[in-house]
Amino acid sequence: MALVLCGFLCLASAHADEELGGARLKPGSVLRGHFVQERSLQGFQAPLRSEGSFIVAEGKGLIWRVEKPFATVTVITPAGLVQSAQGTETLRLPAARIPFIAHFYEMLSGTMTGDLKSLTEQFDVKQTGTASDWSLELTPKSTAENTSSDQQNMPIQRLDLAGDQYVKSVAIYRQNGDRDQLIFADQHLDTDPLSAEEAALLAGSGDK
Amino acid sequence: MKRLLAVGWLILLLVLAAHLLWRMHTGLNLSTDILALLPREPETPLMERVNQEVGDHFSRRMILLLGAPDPATVRHAAQELSTILNRSGLVAVADNADAAERLKRLGALYFPYRRGLLSDADRTALLTSKGQDIATAALSQIYGFASLADSRMIVNDPFLLLQSFLTHLPVPQSRLSLQQGFLTTQDNGVTWILLNGQISDAPYALDFQEKLLGVLNPTIARLQQQSPDLQVKRVGAVFFAAAASKVATAETSTLGTLSTIGSALLLLLVFRRLAPLWQNLLVIGIGAGAALSVSLLLFGQVHVAVLLFGVSLIGIAVDYGMYYYSCLFDPTLLDPQQRLRSVFAGIGLGYITTVLGYAVLILAPFPGLRQIAIFSLIGLSASFVSVLLWFPLLDRNAPLKHGASLLKAATIPWLFWERRDWRRVRIGTVLVLLVVGAIGLLRLRADDDVRHLQSLSGDLLQQQADIQRLIGSLTPSQFLLVHAASDEAALQREESLAPVLKQQMAAGNLSGFLTAAAFLPSAQRQEENRKLVDTKLEQPFLDQQRRQLNLTAPATDPNPTQPGFLTLSQVLGDGAGAPPLPFLRELVLSPGIHIVTLELLRDPEALRRAIAGIPDVRVIDPAGDYTALLGKYRYRAVWLIGLSIALMMVVLIWRYGWRGALRVKAPSVTAIAAAAACIGLLGQGFTFFHVMALILVQSIGVDYAVFCAECARDKRPITMLGVWLSALSTILSFGLLAFSEMAAVHAFGLTMLVGIVFAFLLAPLAGGAEVKRRLGRAGRA
């Protein structure tokens with residue numbers, strides 16, 4: 001999911017730039033914002049709600065800080081994924097192991113690749129709205145390459161994206177009825193350098 | 001009577017020729033596996049079988065890596081290539097189309113037993129009572145960015161133990177991921193797809209290599225024509241073997257041709273007649289043909305190296321004819337019978353001593369060298385008999401008159417040892433050679449590393465390195481064998497091995513390993529894990545965890561774990577459909593017999609020491625084992641030289657008495673020392689193959705000495721001419737092997753070159769030996 005979403009943040013910016021107008025992530029530029037994530041899970045009484053801030057540093061990676069209900073930081077870079085909770089590292093997946101995460105998706109729910117190109121290859125994109133108020137609906141394609149068994153394995157039933165200059169919301173509908181809803185706010189692009197702490201987070205996500 | 005024998009011999013040879021033609025027609029069965037030349041230690045049948053199975057399996061593996069900037073191009077090429085290879089029946093290319101399905105099945109298989117399956121990190125946390133950490137980590141994943149976990153998983157496994165176990169499974173070829181049914185990796189804008197194949201025949205069979213490359217190369221060429229930026233890299237024993245046999249066959253033909261042309265020119269220049277040439281060629285042809293025919297009859301298949309060494313047989317086979325025809329220069333010998341009688345003692349004794357030299361090779365427990373010995377014995381015998389039976393009938397020549405200056409020149413080596421006025425030069429030369437020789441012998445050091453013998457193609461090594469970099473790991477070449485009473489016991493052994501192997505990795509002695517127990521903990525470990533999960537995780541933290549997740553569903557587990565334990569046969573697949581983890585079958589040979597693959601083991605001895613305390617486990621290092629064996633047999637071969645000297649001395653003492661025998665044997669023994677010294681001076685490692693050449697140096701060298709000992713003073717020039725011709729033709733054949741690119745063959749050739757030169761130069765020293773007993777009808781010539 002990490003790769004998919006990472007792809008989406010960039011994808012949406014690209015779309016916004018090319019077709020729908022908006023800001024482009026230039027090399028060295030940093031996109032900051034707030035998010036609220038609600039995971040509505042089958043069999044759970046209430047959605048799992050978390051909120052916090054995120055930073056996308058073009059060419060460097062993503063920092064996803066959950067502030068509520070408790071502090072968790074996830075850093076994803078080309079070198080890998082590191083998650084820590086309350087200052088203690090809880091998960092580290094170096095890039096060398098990320099291919100296996102792909103296997104893992106397949107093992108549990110189906111085929112999914114994080115490759116931006118294969119993403120657009122694998123989804124039908126339906127676009128509505130205007131440049132300043134757009135929405136995209138992505139549904140897994142049924143092509144010769146996505147065989148019927150791949151269809152069943154695809155964990156995602158549908159993806160809805162909406163935005164203006166930036167992506168405002170993402171909704172992920174899974175086959176099993178789970179739904180993840182992400183609302184973004186206060187996004188802004190700047191070219192200020194990353195803070196020392198942020199740079200250290202992005203630098204430290206590879207294999208130890 | 002003589003004619004009858006000659007005709008009978010002709011019939012026998014025709015039968016052998018017919019057999020050979022038939023075999024060539026049905027396809028010569030040549031083998032190129034260098035390891036087949038090496039001995040097999042008498043081992044327990046189990047070890048034999050394990051070595052065989054593991055060796056077969058991994059040596060039959062081949063890997064193709066296709067790359068291009070455009071993923072669709074690579075996928076198309078990979079699809080087409082694997083279809084064509086599969087259809088050819090020569091390679092079974094692994095199909096990953098249903099891999100997603102397989103992995104799902106594996107997930108479903110593990111799921112009910114999840115409480116017994118713990119990742120190392122989680123197990124360590126529970127053993128140190130840090131269950132809270134696991135709970136926190138699970139929460140941060142579930143709440144955090146882009147969680148892998150869905151509701152079904154969280155409800156049933158709120159600590160995400162199974163996810164942790166699965167993401168920490170060691171996976172071979174870890175840089176690859178499955179994309180649209182292909183194992184894929186991206187590197188510098190190039191998409192690479194891996195095709196894993198298992199070839200259907202031994203990689204060392206020449207005809208199989210030809211068939212495989214005959215399908216593979218044109219297909220790749222065609223695909224590259226369609227998409228010029230397509231790259232294909234390959235690795236596998238079959239490609240190395242094909243490259244090596246290409247070198248070997250090319251060398252056999254160039255060295256063979258050079259040797260034949262050289263010998264032919266030599267004969268034409270010396271005799272200025274065609275008869276000696278074509279008759280000698282006939283003898284060579286008979287020798288080689290009969291040897292090949294009988295070897296095929298005896299062994300079924302002949303090693304390509306045997307053929308290569310067989311080429312050098314020409315050098316000895318031609319000797320008998322040379323000795324015979326050097327008599328043409330003797331004006332006192334008028335007819336063929338007189339000539340044969342004059343050389344009979346020489347070539348007879350020469351034949352016997354050479355045969356003894358080769359016979360000792362039969363004692364060497366190396367299957368390939370035994371083949372070489374038998375091949376040579378048959379070839380030599382056929383040549384010898386042909387000279388005896390046919391030359392007197394074919395020889396229509398009158399004595400030659402143009403030999404005066406030739407004969408004069410031929411005696412120079414003899415004069416060198418006898419002329420009084422050359423005494424100072426003689427003593428000086430000998431002293432210098434003694435000093436240089438001593439230095440060389442002191443510098444001699446043994447090198448038995450089998451890997452140094454197989455000169456691998458540099459281009460293929462580069463491709464191998466590229467593939468290794470791109471996919472993360474390669475075919476392992478070293479293993480641990482776990483031989484326990486049952487699968488359960490074997491898994492337990494592997495569990496006690498894992499921490500030791502991790503220490504070895506930390507110490508830099510190993511870069512990775514793969515055990516079956518990593519995919520399936522032993523029942524004992526599963527039970528332990530369950531207790532840990534129960535007492536250290538669920539009892540203290542489950543309620544709290546469910547609260548944090550807003551999970552208010554009944555506390556009773558709606559999906560209870562299975563009471564039993566997951567077993568190895570379940571994970572291996574029970575025959576219904578493809579196994580979920582195909583590589584696991586490589587690790588489990590049979591119940592209780594598992595292997596642990598090791599990646600880049602640097603020091604097998606250190607590992608042996610480290611695992612000494614764990615029963616039922618041993619290190620298997622095929623290259624290391626062969627190296628140790630080669631060392632053992634190099635040592636043994638030195639004794640064979642002593643043995644063959646002793647055998648020859650029996651014949652020589654019978655003929656010349658003690659003092660004479662020593663005189664006759666001294667030149668060849670000195671030649672051995674000189675050749676060994678030369679190897680030391682050149683800084684080459686002294687290998688088993690050098691020693692094998694030394695055995696031949698002394699059996700061929702003793703021939704020259706015997707000839708010099710057998711001849712009367714007035715026949716010396718004629719004898720010496722024969723020795724010249726013989727030594728030159730031997731150097732033209734054996735000596736040429738020094739230019740081989742194959743390390744073993746080069747070692748052999750170089751030793752022969754130096755040894756024969758010295759044996760030849762020293763041979764006249766045997767001239768003083770006196771004949772004590774006569775040899776049948778022939779007297780001193």
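Here are two short exercises on chain B, with worked solutions.

This is a predicted model, in which local features need pLDDT of at least 70, side-chain atom pairs count only at pLDDT 80 or more, and totals for chains, interfaces and linings use all residues. Residues are numbered from 1 along each chain as its sequence is written, and chains are lettered from A, with ligands numbered from 1, in the order in which they are written.

**Exercise 1.** Find how α17(B) and α24(B) pack, and which residues make the contact.

Step 1: locate the helices (DSSP runs of H or I, at least four residues, numbered from the N terminus). In chain B, α17 covers residues 423–443 and α24 covers residues 622–681.

Step 2: look at the axes, which are lines fitted to C-alpha atoms over the stretch in contact, with angles from 0 to 180 degrees between N-to-C directions. They lie 7 Å apart, at an angle of about 65°.

Step 3: list the contacts (C-beta atoms, placed from the backbone, within 7 Å). From α17(B) come B:G437, B:I439, B:G440, B:L441 and B:R443; α24(B) brings B:A673, B:A674, B:A676, B:A677, B:C678, B:G680 and B:L681.

**Exercise 2.** Explore the largest nonpolar core, a set of buried Ala, Val, Leu, Ile, Met, Phe, Trp, Tyr and Cys residues joined through C-beta atoms within 7 Å.

Step 1: recall that buried residues have 20 or more other C-beta atoms within 10 Å of their own. They make up 47% of the 781 residues in chain B.

Step 2: size up the core. It has 163 residues, and B:L66 and B:V664 are among those with the most contacts inside it. The largest share, 19 residues, comes from α24(B).

Step 3: look beyond this core. Apart from it lies another, of 91 residues, including B:A516 and B:V533.

Note on methods:
A residue is buried if 20 or more other C-beta atoms lie within 10 Å of its own, exposed if 12 or fewer, and partly exposed in between; C-beta atoms are placed from the backbone. Helices (H or I, at least four residues) and strands (E, at least two) are DSSP runs, numbered from the N terminus. Two residues are in contact if their C-beta atoms, placed from the backbone, lie within 7 Å.
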